[in-house]
Amino acid sequence: MAEYDLLQLGYGSMQPMGHYNFFPNGGQGQPGCGKSLWSSLMTLDISGTSSDALGCSHFRAPILYADTVANPTCTFTAVQCENYEAFRRGQCFSCDNDQCQVFGLDVDVPVSLANQQRSYYFVTGSSTPFCELLYRVTIRQAYKLQSTEKGIMKIQLHGKSKSSSWIEYGSGSSEIVPGSTSTYVVSVPQSFGPVEAVHLTWEYDYSLLHPFAWLSSHTLHLEPRLELTLLQHPPVAMTTDTTEIGEKMTAIFKLNR
């Protein structure tokens, strides 16, 4: 895997080279790898430890492969997609027609696909066992006569006895348009158990280009239904009674019983 592209002086390559090409976390910065690239270079830290952003992500490849042997019940299911951004946006979330492959020792290349080149994407945790369950979360904004907001949404998954950390829903700040539908793929450890609730919050992105935005209140108007899909399973509906949330407020979606 490549930690940074060539212009950023990184190890590895993002160019597909094999029949099956696996890109954990997009093939770049890996969870649990600290320091920025430039901090690593300035301190000459290329040890491959978690404090070394440059080497840590690069050396994560053999560690992940070894983890498939050390933890055989922990399965890394990867999904074929055009690129990592499309994968995280939930545009590739089906295992039909050999679109999924298990990363690691048990990878299987059918004879019918031996002359094809495919790229697969998956998400890992920051420590062993690294495997994660993939969920696609679909959120719909209600159609209201309101202006488009700009900000960062975050979600938190809740199981029977565990809760995830707050997960950024999307890639940074984005426009949140009334009447729009968004999807994003998130992950939790395979030991997490069934998800019973999803919490949603958000923060407005204040910009110097709009210096008076802080004078106004900012509210998201949500449809009361959220869709949660575990990879290789049918979607389930979750509902909330909170359809209007101001900044840093939380809407709680629960399973329909």
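**Pockets in a predicted model**

Colleague: What volume does the largest pocket have?
Modeller: Happy to start there, and do keep in mind that this is a predicted model. For the largest pocket, the computed volume is about 380 Å³.

Colleague: Which residues lie nearest the centre of the largest pocket?
Modeller: The lining of the largest pocket is made up of 21 residues. Those nearest the centre are Tyr169, Gly170, Ser171, Ser174 and Ser182.

Colleague: Which element gives the most to the lining of the largest pocket?
Modeller: Let's look at the elements that each supply two or more residues: α3 (84-88), β6 (149-158), β7 (167-176) and β8 (181-189). The one that gives the most, with seven residues, is β7.

Colleague: By class, how many polar residues does the lining of the largest pocket have?
Modeller: Good one for the bench. Six of the lining residues are nonpolar and four are charged. The polar ones number eleven.

Colleague: And the second largest pocket: which element gives the most to its lining?
Modeller: This pocket has a volume of about 270 Å³. Its lining includes Arg88, Trp166, Tyr184 and Phe192. Two elements, β7 and β8, give two or more residues to this lining. The top contributor, with four residues, is β8.

Colleague: How many nonpolar residues does the lining of the second largest pocket have, by class?
Modeller: Val123, Ile167 and Pro189 are among the lining residues, and so is Glu168. By class, three residues of this lining are polar and two are charged. The nonpolar count is seven.

Methods:
Residues are numbered from 1 along each chain as its sequence is written. This is a predicted model: local features need pLDDT of at least 70, side-chain atom pairs count only at pLDDT 80 or more; totals for chains, interfaces and linings use all residues. Side-chain values use heavy atoms; hydrogens and water are left out. On a 1 Å grid over the protein atoms alone, a cavity is a set of points where a 1.4 Å probe fits but cannot get out, and a pocket is an open set with protein on both sides within 12 Å along at least five of seven lines; lining residues have an atom within 4 Å of a point. Grid points are joined across faces, edges and corners, and a volume is the space filled by probe spheres set on the points. Ala, Val, Leu, Ile, Met, Phe, Trp, Tyr, Cys and Pro count as nonpolar, Asp, Glu, Lys and Arg as charged, and the others, Gly among them, as polar.
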